[in-house]
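Here is a short tour of one protein model, written for someone who likes to follow along on screen. Have the viewer open, and we will go from an open space to the helices around it.

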Amino acid sequence: MLILSNLIAITWQQVVMWVIGAILIYLAIKKGMEPTLLLPMGFGAILVNLPLSGAIDQVYNGEVEQGVIDILFRAGIANELFPLLLFIGIGAMIDFGPLLSNPKMLLFGAAAQFGIFFTIGVATLFGFELKDAASIGIIGAADGPTSIVVANFFESNYIGAIMVAAYSYMALVPIVQPPVIRLVTTKKERQIRMDYAPDAVSQKVKILFPIIVTIIAGIAAPRSVSLIGFLMFGNLIRECGVLGSLSQTAQDVLANLITLFLGITVASKMRADLFVTPETFMILALGLIAFIFDTIGGVMFAKILNLFCRKKINPMVGAAGISAFPMSARVIHKMGQQEDKQNFLLMHAVGANVSGQVASVIAGGLILTLVPNLLG
């Protein structure tokens, strides 16, 4: 009798979420797209959309208590703990050497954030409140943790859809970026070779870099301090030379564990009643627009620089200025190899890519600073 009542309680929206969950699991297992994240997100989407799911609410002695996923959300995402801890692991993974040996790559990290601000304007035109539009725009950076922090700070009504879009587009970098890049470049431009003769970067410079960036970012965008600070703290652990085991732990154990918890916890906002709405599909479309225009922004900036530079820059490198590290750099290198087997763009693309990681966090901090002022 209980089983029959549960079957009757199933809605078509819940079935849709089961399908979405299954697709995420398929992409994780079959296609290898961000499996540590998409698999728990997909399973969590199914888990929270079962009738009377105990993962969301528990009933004891007639009283409703919080379920385990809701508790995890309040403990790990509502207070921004999980994203910030993840930033330590990401920071420990990043080698800023290619960027420090070629500092002009910083410009591409800034240029490739164009789609964020463009999409904020578009989202407001579609009727989204400014706080929601700001949260949607940050999807374009392909930076999941920053998207979570921004959406949570503004208490966005669409945090579940924003999280799914941000991480999905991170995973879809190899699918989305190549056709966009080909659309705005010529074959001749894609064949431009770039010499790589890196300047030696001392350990002292690598240690000073995260400290100086944190101070500058904290002065320019105070609300970005937690974001950029945890990212740079992870990098300082990597570069200091005396915390090798902790650096490895942050890169492997911490990052993987937090990613797993983050993925299944995001599911608390993937309930059918919150997710299967017209607004969700608009957010997915707007997130894609932000991602595309971030890519185009980086490419076009490189093409503008080429008007003034004696040594030409392969415009594809500009597309690596998004935050999806190191996926975007690999995509650019692969595209360069397809055009010319002797064209090695990896280190240039890595420099732009790690710059994008920093720039996306600073962009998130600027949004957290500027939007509340605009809202009054």
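## What counts as a pocket

A pocket here is an open set of grid points, on a 1 Å grid over the protein atoms alone, with protein on both sides within 12 Å along at least five of seven lines. Rolling a probe the size of a water molecule over the atoms shows where empty space is left. Please keep in mind that this is a predicted model.

## The largest pocket

With that in hand, the largest pocket comes out at a volume of about 490 Å³. Its lining is made up of 22 residues, and those nearest the centre are Glu 34, Ile 90, Met 93, Met 170 and Phe 325. Five helices each give two or more residues to this lining: α3 (35-47), α5 (81-93), α11 (159-171), α16 (244-266) and α20 (327-339).

Which helix gives the largest share of the lining? That is α16, with four residues. Sorted by class, the lining holds 14 nonpolar residues, five polar ones and three charged ones.

## Helix α3

Let us look at one of the contributors. Helix α3 has 13 residues, and from its first C-alpha to its last it reaches 17 Å, close to the 18 Å expected at 1.5 Å a residue.

Its buried residues are Leu 37, Leu 38, Pro 40, Met 41, Gly 42, Gly 44 and Ala 45. Among the elements covering them are α2 (12-29), α11 and α16. Two of these names, α11 and α16, also appear in the lining of the largest pocket.

## Thr 259 in α16

Now to a residue of helix α16, Thr 259. Is Thr 259 buried or exposed? Thr 259 counts as buried because its relative accessible area is 11%, and buried means under 20%.

The side chain of Thr 259 reaches the backbone oxygen of Ala 255 at 2.6 Å. Leaving aside residues up to four places away in sequence, Thr 259 touches Thr 36, Leu 37 and Leu 86. Of these partners, Leu 37 is one of the buried residues of α3.

## Gly 229 in α15

One more stop: Gly 229, which lies in helix α15 (residues 225-239). Gly 229 has a relative accessibility of 16%, so it counts as buried.

Which residues does Gly 229 touch, not counting those up to four places away in sequence? They are Thr 214 and Ser 224. Gly 229 and Thr 214 are 15 residues apart in sequence, while their C-alpha atoms are 5.6 Å apart in space.

How values were computed:
Residues are numbered from 1 along each chain as its sequence is written. This is a predicted model: local features need pLDDT of at least 70, side-chain atom pairs count only at pLDDT 80 or more; totals for chains, interfaces and linings use all residues. Side-chain values use heavy atoms; hydrogens and water are left out. On a 1 Å grid over the protein atoms alone, a cavity is a set of points where a 1.4 Å probe fits but cannot get out, and a pocket is an open set with protein on both sides within 12 Å along at least five of seven lines; lining residues have an atom within 4 Å of a point. Grid points are joined across faces, edges and corners, and a volume is the space filled by probe spheres set on the points. Ala, Val, Leu, Ile, Met, Phe, Trp, Tyr, Cys and Pro count as nonpolar, Asp, Glu, Lys and Arg as charged, and the others, Gly among them, as polar. The expected span of a helix is 1.5 Å times one less than its number of residues. Buried means under 20% relative accessible area, exposed over 50%, partly exposed in between (1.4 Å probe, protein chains only). Contact means heavy atoms within 4.5 Å. A polar contact is a pair of N or O atoms within 3.5 Å; within protein, one must be able to donate a hydrogen and the other to accept it, and residues adjacent in sequence count only if both atoms are side-chain atoms.
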